[in-house]
Amino acid sequence: MSQKVSNRKIIFVSNDEDVVTCADQDRLQQVLINLVDNAIKYSAPEQPVQLVLEKREQQVMIHVGDRGIGISLPHQNRIFEQFYRVDESMTRFRDGTGLGLAIAKSLIEGMEGRITLRSKPGEGSIFTITLPVWNPQL
C-alpha cells in the first residue's frame, strides 16, 4: 500500500518458512504502515525501505529499516513517548502529531510484543517489532 502511494521501492525479505504469530491483524497492519511511512518520509527518494521477517525460537521479528537521516541517541530514548517530536532543524518534517510511535508501542505491547529502535544519525534506523510465535497447544 505504501509503495503504491509513495512510488518508493520497498524490499521484503523472508525465508520460505511459514511464520504465524499471535496478533491483531488490523492493528499490526496499522503499526507497519506507520513505520513504513516514517521510513519513507525520513529517507531520500532513491533509498529503498526494507522489511525483514524472521523467526527466532518462540519469537517473530519484523524489522522496518531505512537508510535515512537516523535518530540521535538522546532522542532514541524518548521516541515512543506521546507527543514527542524530533526536531533538529528539520522543518520540512514537522507534519504529524508525535503520536504515531506512541500508539504503535501501545498496540504492539497489547499483543504481548515489543517494539525497539536501532539508529545512527546519517545512516538510518531499524524499528523491530517482536511478537510471540503462535502456539496452538497453549
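Where is E112 found? In this predicted model, E112 sits in the loop between helix 4 (100-110) and strand 4. Its phi is near 60 degrees, a positive value in a residue other than glycine. Most residues other than glycine have a negative phi. At 70% relative accessibility, E112 counts as exposed, because the cut-off for that class is over 50%.

The overall layout comes next. The secondary structure of the protein chain comes to four helices and five strands. Read from the N terminus on, the elements run α-β-α-β-β-α-α-β-β. The protein chain has 138 residues, and buried residues make up 38% of them.

Helix 2 covers residues 25-41. This helix has 17 residues. From its first C-alpha to its last, helix 2 reaches 24 Å, close to the 24 Å expected at 1.5 Å a residue. D24 caps the N-terminal end of helix 2. A side-chain oxygen of D24 lies 3.0 Å from the backbone nitrogen of D26. Several residues of helix 2 are buried, among them L28, V31, L32 and L35. V36, N38, A39 and I40 are also buried. An α-helix has 3.6 residues a turn, so residues three or four places apart point the same way. L28, V31, L32 and L35 can be located on the helix with that rule in mind.

Helix 2 also belongs to a β-α-β unit. Strand 1, helix 2 and strand 2 make this unit, and it is left-handed. Strand 1 spans residues 10-14, and strand 2 spans residues 49-56. The two strands pair in the parallel sense over five bridges. Within this pairing, V13 stands opposite V52 in strand 2.

V52 leads on to the next strand. V52 stands opposite H63 in strand 3. Strand 2 and strand 3 run antiparallel, and seven bridges join them. The two strands form a hairpin with two residues between them. E57 lies in the loop between strand 2 and strand 3. Like E112, E57 has an unusual backbone angle for a residue other than glycine. Phi of E57 is near 50 degrees, a positive value. At 73% relative accessibility, E57 counts as exposed. The C-alpha atoms of E57 and P132 are separated by 9.4 Å, although these residues are 75 residues apart along the chain.

Strand 3 is mostly covered. Of its eight residues, seven are buried. Strand 3 also pairs with strand 5. These two strands run antiparallel, and eight bridges join them. One of the paired positions is D66, whose bridge partner in strand 5 is S125.

Is S125 buried or exposed? S125 is buried, because its relative accessible area is 5% and the cut-off for buried is under 20%. The side chain of S125 takes part in a polar contact of 2.7 Å with the side chain of S119.

After strand 3 the chain enters a loop that leads to helix 3 (73-76), and G68 lies in this loop. G68 is buried, with a relative accessible area of 9%. The C-alpha atoms of G68 and P45 are separated by 9.6 Å. Along the chain, these two residues are 23 residues apart.

The second largest pocket brings several of these elements together. Rolling a probe the size of a water molecule over the atoms shows where empty space is left. About 260 Å³ of space lies in the second largest pocket. Its lining counts 18 residues. The closest to its centre are G65, D66, R67, S125 and I126. The bridge partners D66 and S125 are thus both included in that group.

Which strands each supply at least two residues of this lining? They are strand 2, strand 3 (59-66), strand 4 (114-120) and strand 5 (124-132). Strand 3 gives the most, with four residues.

Note on methods: Residues are numbered from 1 along each chain as its sequence is written. This is a predicted model: local features need pLDDT of at least 70, side-chain atom pairs count only at pLDDT 80 or more; totals for chains, interfaces and linings use all residues. Side-chain values use heavy atoms; hydrogens and water are left out. The expected span of a helix is 1.5 Å times one less than its number of residues. Buried means under 20% relative accessible area, exposed over 50%, partly exposed in between (1.4 Å probe, protein chains only). A polar contact is a pair of N or O atoms within 3.5 Å; within protein, one must be able to donate a hydrogen and the other to accept it, and residues adjacent in sequence count only if both atoms are side-chain atoms. Two strands pair if DSSP finds at least two bridges between them. A crossover is right-handed if, with the strands pointing away from the viewer, the path from the first strand over the helix to the second runs clockwise. On a 1 Å grid over the protein atoms alone, a cavity is a set of points where a 1.4 Å probe fits but cannot get out, and a pocket is an open set with protein on both sides within 12 Å along at least five of seven lines; lining residues have an atom within 4 Å of a point. Grid points are joined across faces, edges and corners, and a volume is the space filled by probe spheres set on the points.
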